[in-house]
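Trainee: Could you take me on a close look at one part of this model, the second largest cavity and what lines it? I'd be glad to see it set beside its surroundings afterwards.

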Amino acid sequence: MRDVNTIEEHVEGYLLSPQQKRLWRLQQEDGATAYQAQCAISIEGPLDVEALKEATQAVVDRHEILRTSFQRQPGMKVPVQVINEHMPVAWSYLNVSDGAQVEEIFATEKEKPFDFDSGSLFRASLLVLTPRSHMLLLAMPVLCGDARSLKNLVGEISLGYAASQEGEAIDEEVTQYVHFSEWQNDLFDSEEAEDGRAFWQRQVEAVSPFALAVERSPAGSFRPATVTVPLSPELTAQIESTVRRERSSLSDFLLTCWQTLLWRLTAQPDVLVGSVYDGRKYEELNGSLGLFARALPIRVQYAEDLTFSRILRQVGQATSAAAEWQEYFVWEEWEDDQIPGFPEMGFEFDDELAKFRAGNITFSVAWQHVCLERFKIKLSCAHAGDHLVTEFHYDTNLFKRADIEHLAEAFLTLARSAASEPQLAIGKLELMGAAERAQLLQEFSGRTEEYTRCVHQLFEDQVERTPENLAVVSGEERLTYAELNRRANQLAHYLRGLDVGPDVLVGVCM
């Protein structure tokens, strides 16, 4: 244990892990409510509420991170982790009548602040739908747990519930988060850490930032929202078949589709995405709770004539190497502008939402939400029975919902095209669905509009909306809307100096 002393008083606790330090800084900038880990557990069967409470409290007693407060005294930039001997679960009970009310409760829970100094950071709300159907909503700050922690949490509650019914207890030891935190902090003083730093330096050097054309200038703090799009069982089966033939993985296939779509929309030769790794590289961490996960930069180089299959192999190599060196990527060691555009475009994949059985009761995760990084857009994919579900998380300050819905449709179209013809050049993969193409060809063809504004005025409107977005790509040269507008104005002034006016022809050398 490392002690931290101040002039005011003596505080005894553990240093934050590198992941927690990153999150603490983000919380100071955006507020803590944006960075939560939440899940809704569907409980079916004749529930014994007292046994459920006992099982949940037993998990809190078992894992120190759920009894941890974060205390910061004057003069301290970041807090220390202080483990409390006992911390009762903050319970609430509600009778609900319909699904809309459940969604309203979830939204309200997201906005509730946490008392990091002394209060309970783990909350449980039991929603009574019918006598045999309940919904358990669990919430905690990401400082205390990630997506894998939620899955472990549900598993332990179900095991604890079954044990409580039988008058037993779970006594298997787990690795406590503070042990991981101490190890992570000591790791960077080792010789091997230098090799790790060198690896990540190679991955991110000379990366150029990029932005989507529909992106707006930020107008406020980070405010994430979600567009959910399920893939049909037929498309899911087709993707799984392609993955087997290509000897790849579902995660790599979906990440390749995501990066390829970004390449098609931005024309950047290098596409860098922040892919979430669960941080449990070692077996003894599998059952632990806490913030182990982190986003790692996955960079792929694109060219028009490369096939999707070739890019898929590139992504596979990049993700495997990242997994090997994951514990050596520490945000605090990088300057804010040292990795442009990271982790603005994110990605994560979950094999399956958790489902457990305890006697005649089933516990299954119906929904979960974890935000551990600030992003512009993050694609989250998960298995849900016989099909895949994609969630496009986006910052509402930067994008309209309609723009994200169009992006989601383009992603599904590209994924379908890639699954059908993985040997096709990536520049030829479909981005537009049949319905959208028919609308453009049939409904809009031949339609004329009377425009009251000139093209250059419409262009200047776009410059005002997105001055730093990429407007033109020509070979190695790239111009933003602001830069293109400045050059256009220079040319216009030059032509006026030559007495060029309306109806005067000007030759253009192409």
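Mentor: Happily! The lining of the second largest cavity divides into seven nonpolar, two polar and three charged residues. Keep in mind that this is a predicted model. The nonpolar part of that lining includes Val 276, Ala 295, Pro 343, Phe 347, Val 370, Leu 372 and Phe 375. Gly 274 and Gly 346 are the polar pair, because Gly is counted as polar here. The charged residues are Glu 348, Glu 373 and Lys 378. Together these residues enclose a volume of about 90 Å³.

Now for where the lining comes from. Strand S10, residues 270-277, and strand S12, residues 345-350, each supply at least two of its residues. S12 has the largest share, with three residues. On the structure, you can find Gly 346, Phe 347 and Glu 348 within the S12 range, while Gly 274 and Val 276 fall within S10.

It helps to set this beside the largest cavity, which holds about 110 Å³ of space. Among the 13 residues lining the largest cavity, Gln 19, Arg 22, Arg 294, Trp 331 and Glu 373 are the closest to its centre. Look at Glu 373 in particular: this residue is on the list for the second largest cavity and is also one of those closest to the centre of the largest cavity. As for secondary structure, helix H1 (18-30) and strand S11 (294-301) each bring at least two residues to the lining of the largest cavity. H1 gives the most, with four. By class, the lining of the largest cavity has nine nonpolar, one polar and three charged residues. To complete the count, the model has three cavities of 30 Å³ or more.

While you have the model open, turn to a helix pair as well. Helix H12 (residues 455-465) and helix H13 (residues 481-497) pack with their axes 9 Å apart, at an angle of about 140 degrees. The two helices are therefore oblique to each other, and their crossing is left-handed. From H12, Phe 459, Glu 460, Gln 462 and Val 463 take part in the contact, meeting Tyr 481, Ala 482, Leu 484 and Asn 485 of H13. That contact has five nonpolar, two polar and one charged residues. The charged one is Glu 460, and the polar ones are Gln 462 and Asn 485.

Terms used: Residues numbered from 1 in each chain as written. Predicted model: local features only at pLDDT ≥ 70, side-chain atom pairs only at ≥ 80, totals over all residues. Heavy atoms only, no water. Axes fitted to C-alpha atoms, helices over the stretch in contact; angles between N-to-C directions. Parallel < 35°, antiparallel > 145°, perpendicular 65-115°, else oblique. Left-handed = near helix turned anticlockwise from the far one by under 90°. Contact = heavy atoms within 4.5 Å. 1 Å grid on protein atoms, 1.4 Å probe; cavity = no way out; pocket = protein on both sides within 12 Å on 5 of 7 lines; lining within 4 Å. Points joined across faces, edges and corners; volume = space filled by probe spheres on them.
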